[in-house]
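Please open the model in the viewer and keep the selection panel at hand. The tour begins at the nucleic acid and then moves to the protein contact.

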Protein chains: 2
Amino acid sequence: MRKKAVNSLERLQAVLEVFTEDRLEWTPEELMEELGYSRPTLYRYLKILKDSGFLTSMPNTGFTLGPRVVEMDYLLRKSDNLILSGAPYLQKLAGRYECTALLVRWYGEKILCVDSISSSREAISSYPRGRPMPLSRGAIGRSIVAFLPRRNLVPLIKRTLDEWQAAGAGDTVEAVLDGLKSVRKKGYAVAYGEVTPGVVGFAAPIFDAGQSPIASFSVSIAQDHVPGPVVEVIAREVLLAAGEISAALASHRHRISSQ
Amino acid sequence: MRKKAVNSLERLQAVLEVFTEDRLEWTPEELMEELGYSRPTLYRYLKILKDSGFLTSMPNTGFTLGPRVVEMDYLLRKSDNLILSGAPYLQKLAGRYECTALLVRWYGEKILCVDSISSSREAISSYPRGRPMPLSRGAIGRSIVAFLPRRNLVPLIKRTLDEWQAAGAGDTVEAVLDGLKSVRKKGYAVAYGEVTPGVVGFAAPIFDAGQSPIASFSVSIAQDHVPGPVVEVIAREVLLAAGEISAALASHRHRISSQ
DNA sequence: CCTATTTTCTTGTAATATGAGATTATTGAC
DNA sequence: GTCAATAATCTCATATTACAAGAAAATAGG
């Protein structure tokens with residue numbers, strides 16, 4: 001359910017929002033139908049988005065996302081402090097264990113992998129960089145949600161209770177909150193085979209200014225590489241890394257404000 | 001020199017255009033100065049771009065590109081026919097030679113790597129995915145420019161003659177055009193150490209509908225891996241791959257139009 | 001070359017984007 | 001916690017300009 005665009009600027013953005021994983025190619029006719037814009041208006045919008053490179057079209061093909069996106073992604077990788085601060089820790093954990101280490105950003109009400117390194121041969125994640133992941137399944141989502149302020153947390157769980165039920169996180173809002181409370185106590189989340197069978201996930205929240213987490217640092221590792229006592233060790237390392245990334249972000253903010 | 005934005009939609013896009021490799025972080029004050037927008041207008045624009053995820057801001061930090069970019073890049077990788085059609089050929093060439101194979105798109109008046117695979121240990125390209133490359137230096141630029149229609153080609157060379165001179169492609173427009181003519185005759189371009197010393201580049205144009213190339217398929221390989229006669233062999237393979245990618249694009253168009 | 005389709009241009013009109021200033025949130029310091 | 005300073009948003013009257021309908025132009029395909 002898309003929020004209705006109320007002005008021309010939002011209507012322009014709305015064009016880009018219909019390009020989703022389910023539908024990556026749109027003809028002008030289809031866009032008119034979907035968005036409810038008149039023909040000249042739609043073409044005006046398309047022209048602007050095409051000129052700026054966000055969209056491209058080829059003869060006999062609908063419109064698809066354009067190369068500007070690739071360029072912006074490159075710029076983002078050079079500017080995102082989370083990625084810049086987190087990369088050394090991805091390296092470190094992936095070097096120490098045969099695992100996949102991920103940086104996952106909290107974005108809207110989704111979570112999104114923004115960087116990862118894998119030292120395991122079968123690193124086929126079903127959630128690669130850029131693909132929104134479910135919030136309710138796996139350690140990553142919980143590691144973030146558990147640390148949201150109550151006033152955001154409770155409505156979120158209420159709204160998405162069915163997801164949490166399906167993921168086995170509890171049948172009532174209270175039960176889900178209880179589970180999250182223990183994550184909050186420990187400071188990190190662990191999940192056994194929730195996303196991929198046979199894979200253990202560790203995740204700890206990354207904070208920016210203070211109250212609300214903005215991302216998660218996570219490690220996925222084959223279950224048979226993790227005998228009982230090692231669980232604690234890895235969890236501690238993940239927690240430590242997340243803490244140090246948070247500190248790095250804070251120090252960057254400070255650098256900026258005192259320039 | 002940015003083209004002046006004439007309407008509010010273009011002014012909105014213009015905000016994103018100031019985020020470049022030279023300047024990845026902007027405060028509202030700086031943006032007001034740079035773009036000449038009033039305070040409320042700028043904040044209106046920033047709100048929209050922030051809500052749509054294109055920009056983010058953290059306390060005490062300016063605005064930077066946001067996670068929406070990462071998500072869109074994921075979607076693009078799933079939808080761009082050039083990437084989809086080209087990937088098997090990147091695999092193939094990188095498997096056969098110790099090299100880096102690239103797909104480079106012609107975009108505005110720039111060229112941009114949109115995908116690459118490397119089988120060489122030192123694959124440190126100074127032009128990774130998403131970073132615009134110079135047109136006048138290296139095989140890739142020439143492999144595209146040489147096939148532009150004359151009415152676009154001549155003004156382009158005239159406008160950028162200094163670059164071509166600096167790259168040693170000729171001192172006059174005629175000399176540059178002559179060099180390109182031979183590329184056009186062979187169907188591909190070869191460059192010895194133009195971008196990186198000791199590295200040979202091969203590139204052939206990829207066509208869409210017909211006249212004008214839209215991209216280039218390219219292989220970079222260490223010069224001492226390429227004894228004389230092999231040059232011809234690799235060039236032929238690159239040319240073949242580019243041709244087959246072009247054909248794949250055409251067949252996709254056909255599939256669409258006859259659905 | 002010509003026809004069919006796609007895209008862009010006109011135009012008057014109604015909608016709405018704009019900027020100045022005031023107001024309200026946020027933040028950082030004490 | 002309170003307060004000052006800064007940052008972000010709101011209000012509102014006005015002029016700007018985005019809009020739809022149809023027509024024209026550009027582009028593809030035969």
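Which of the 20 residues around DNA strand C come nearest? Select Asn7(A), Pro40(A), Tyr43(A), Ser38(B) and Thr41(B), which hold that position; a residue is near a strand if its C-beta atom, placed from the backbone, lies within 6 Å of it. This is a predicted model, in which local features need pLDDT of at least 70, side-chain atom pairs count only at pLDDT 80 or more, and totals for chains, interfaces and linings use all residues. Residues are numbered from 1 along each chain as its sequence is written, while chains are lettered from A and ligands numbered from 1 in the order in which they are written.

Next, select helix H3 (39-51) of chain A, which gives the most to the surface near DNA strand C, with 5 residues. Helices (H or I, at least four residues) and strands (E, at least two) are DSSP runs, numbered from the N terminus. The surface near DNA strand C comprises 7 nonpolar, 8 polar and 5 charged residues. Ala, Val, Leu, Ile, Met, Phe, Trp, Tyr, Cys and Pro count as nonpolar, Asp, Glu, Lys and Arg as charged, and the others, Gly among them, as polar.

Now turn to the contact between the chains, to which chain A and chain B each give 44 residues; residues are in contact if their C-beta atoms, placed from the backbone, lie within 7 Å. On the side of chain A that touches chain B, select H4(A), which gives the most, with 10 residues. That side divides into 21 nonpolar, 11 polar and 12 charged residues.

Finally, superpose the copies by least squares on the C-alpha atoms of residues with pLDDT of at least 70 in both. A turn of 180° and a shift of 0.0 Å along the axis lay chain A on chain B with an RMSD of 0.0 Å. That is the relation of a two-fold axis. The same surface serves both copies, as 100% of the contact residues of chain A recur in chain B.

How values were computed:
Contact = placed C-beta atoms within 7 Å.
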